[in-house]
Amino acid sequence: MKRFLTLIACVATALMAVVACDDPTKGGGVSLGEGTITYNTSAESISAAFFQSDEDMTMLYFSLDKVGFTALETSRYYVKISLDTADVDGRTLDPAKGEVTVELFDVENENELKAVGGEVSVKGSARSASYKVELSVALDDEQSVLAVSFSGGCVNGGSIAYANEWTYLHPTSGVISSIIWEAFLDKRNADVWYLYLAPVKDVLFEEVTYFSPVKITLPADVALDGERVFFAGNSALSVAYGPNEWSAENAPNGFVKVLYDETRKQLTLRFATDGGLKGYYSGAVDVVEGL
C-alpha cells in the first residue's frame, strides 16, 4: 500500500510539472514577470513571456494573450527579439545596425513587421530565466511604432531552431540577408582549407565564386570539433564576403565554430565578424579533394 501511494504521489508530481511547463505564466518554478506592449498608441499587458538561449543567441517572445510557446501564433500579436547572447548585458542596441532584430507578428491582421531603427536593451540570463527588456522602435511599414517594457521571469521555450542563412550590415543598404543553399569544403591544400557558402541553389563548385559566396579560410591547425575559435591569435583564419575580408588584423573578436563529420559529410557552422557579417549553416557539405 505504501509503495502504491508513493507511486501515485510521483505521478501527481510529474503531472503538475507538465502543467507548469505548459502554463505560460510559470515554468520551472519561475513566476511570470510584468510588462506591457505598446503598438502605436495601444498599450496592453504582457500575458505570456518565453525565452530561448544558448552560447550564441538569445530570443525573447512576449504575447498579449495567455498561450503556450507552441501556440504563439494563436495570440492576437506577439513580439520576438533576437540578439547575440553576449549582448544580453543591458547595453543599448540599434536594429538599424544589425545589432538586434525585433519583429512584431500581428496575427489578427496577418502582418509581420520588423524594426528598422530605435533603441533596444536586454539584460538577464537563461540560468535565472529572468530578463529586463526596454525597447522603443520604428517598424518597416513606415508608420508604426512599437515599445516593450518587461521585467521578471520567462518560461523556457527550449532549443533554438536556426535558419541556414547569413546577414550582413551593408554600409549603405542596411541589413541584408541570404539563405545558404549549398556548402563546399575545398581540401585540396594540405595546409589551408576553404569553406564556400553559396546563396544560390544547384550551383557547381567550379561556379560558386561567381555568386558572391561567403568564403571562410581555415588553417590546418584549427580544430573542426565545434569549439569557438577567435580570429585573435589565428592569423590565417578569416571570413570574406565580396570585397571585404575579416581576420585578426581588423576583426579580432570575430570567430568561427565548425563541426565537421567527415564520414557523413555533414557540417555545422557558425561565424561572426566585427564587420557586421554573421551566419549559421547545418547540413550536407560537398567535399573537394585531389587535383
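The chain of this predicted model has 1 helix and 25 strands. Its length is 291 residues, and 42% of them count as buried. The exposed surface comes to about 15,400 Å². Carbon and sulfur atoms supply 50% of that area. Among contacts with a separation of 6 or more, 49% are between residues 24 or more positions apart.

Two open sheets are described here. One of them has 6 strands in the order β15-β14-β24-β23-β22-β19, with antiparallel pairing. Strands β15 (174–179) and β19 (225–230) stand at its edges. Each edge strand has a single partner, so one side of each is left without a neighbour in the sheet. Neighbouring strands of this sheet are turned by 10° against each other on average, direction ignored.

Several pairings within this sheet can be followed residue by residue. Strand β14 (residues 165–170) runs antiparallel to β15, and 6 bridges join the two. Glu 165 stands opposite Ile 179 in β15. The two strands form a hairpin, with 3 residues between β14 and β15. Further along the order, β23 (residues 266–272) and β24 (residues 277–284) are joined by 7 bridges, again antiparallel. Here Leu 267 has Gly 283 of β24 as its bridge partner.

Another open sheet, also of 6 strands, follows the order β21-β20-β18-β17-β16-β25. Its pairing is mixed. The edges are held by β21 (244–246) and β25 (286–288). Each has a single partner strand, so one side of each lacks a neighbour in the sheet. Here the average turn between neighbouring strands is 20°, direction ignored. Within this sheet, β18 (residues 214–219) and β20 (residues 238–241) run antiparallel and share 4 bridges. Thr 217 finds its bridge partner in Ser 238 of β20.

Strand β6 is mostly covered, with 7 of its 7 residues buried. Met 57, Met 59, Tyr 61 and Ser 63 point one way from the strand. Thr 58, Leu 60 and Phe 62 point the other way. Both sets are buried. Strand β6 has β5 as an antiparallel partner, over 6 bridges. Phe 50 stands opposite Tyr 61 in this pairing. A hairpin with 3 residues between the strands links β5 and β6. Strand β6 also pairs with β7, in the antiparallel sense, over 7 bridges. In that pairing Met 59 stands opposite Ser 82 of β7.

The largest nonpolar core holds 31 residues. Phe 62, Ile 81 and Val 102 touch the most other members. Strands that each supply at least two residues include β3 (34–39), β5 (48–53), β6 (57–63) and β7 (77–84). Strands β9 (100–106), β10 (111–125), β11 (130–139) and β12 (145–153) do likewise. The largest share, 5 residues, comes from β11. Ile 81 has contacts well beyond its sequence neighbours within four places. Among them are Thr 58, Leu 60, Phe 62, Val 102, Val 122, Val 133 and Leu 135. A second, separate core has 28 residues, including Val 222, Phe 231, Val 239 and Leu 267. In soluble globular proteins, nonpolar side chains tend to be buried together.

The whole structure contains 15 salt bridges. One of them joins the side chains of Lys 257 and Glu 55, at 3.4 Å from N to O. This pair links distant parts of the chain, 202 residues apart. Lys 257 lies in strand β22 (residues 255–261), and Glu 55 lies in the loop between β5 and β6. Lys 257 counts as buried, because its relative accessibility is 14%. Glu 55 counts as exposed, at 52%.

Another salt bridge pairs Arg 188 with Asp 186, at 2.9 Å from N to O. Arg 188 is partly exposed, with a relative accessible area of 46%. Asp 186 counts as buried at 6%. Salt bridges that share partners join Glu 55, Asp 56, Arg 228, Lys 257 and Arg 270 into one network. A further salt bridge brings together Glu 134 and Lys 132, at 3.9 Å from N to O. Glu 134 is partly exposed, with a relative accessible area of 35%. Lys 132 also counts as partly exposed, at 45% relative accessibility.

Technical notes: Residues numbered from 1 in each chain as written. Predicted model: local features only at pLDDT ≥ 70, side-chain atom pairs only at ≥ 80, totals over all residues. Heavy atoms only, no water. Pairing = 2+ DSSP bridges. Axes fitted to C-alpha atoms, helices over the stretch in contact; angles between N-to-C directions. Core = buried A, V, L, I, M, F, W, Y, C linked by side-chain atoms within 4.5 Å. Buried < 20%, exposed > 50% of the residue type's maximum accessible area, 1.4 Å probe, protein only. Contact = heavy atoms within 4.5 Å. Areas by Shrake-Rupley, 256 points an atom, 1.4 Å probe, with all protein chains shown as cover. Salt bridge = Lys/Arg side-chain N within 4 Å of Asp/Glu carboxyl O.
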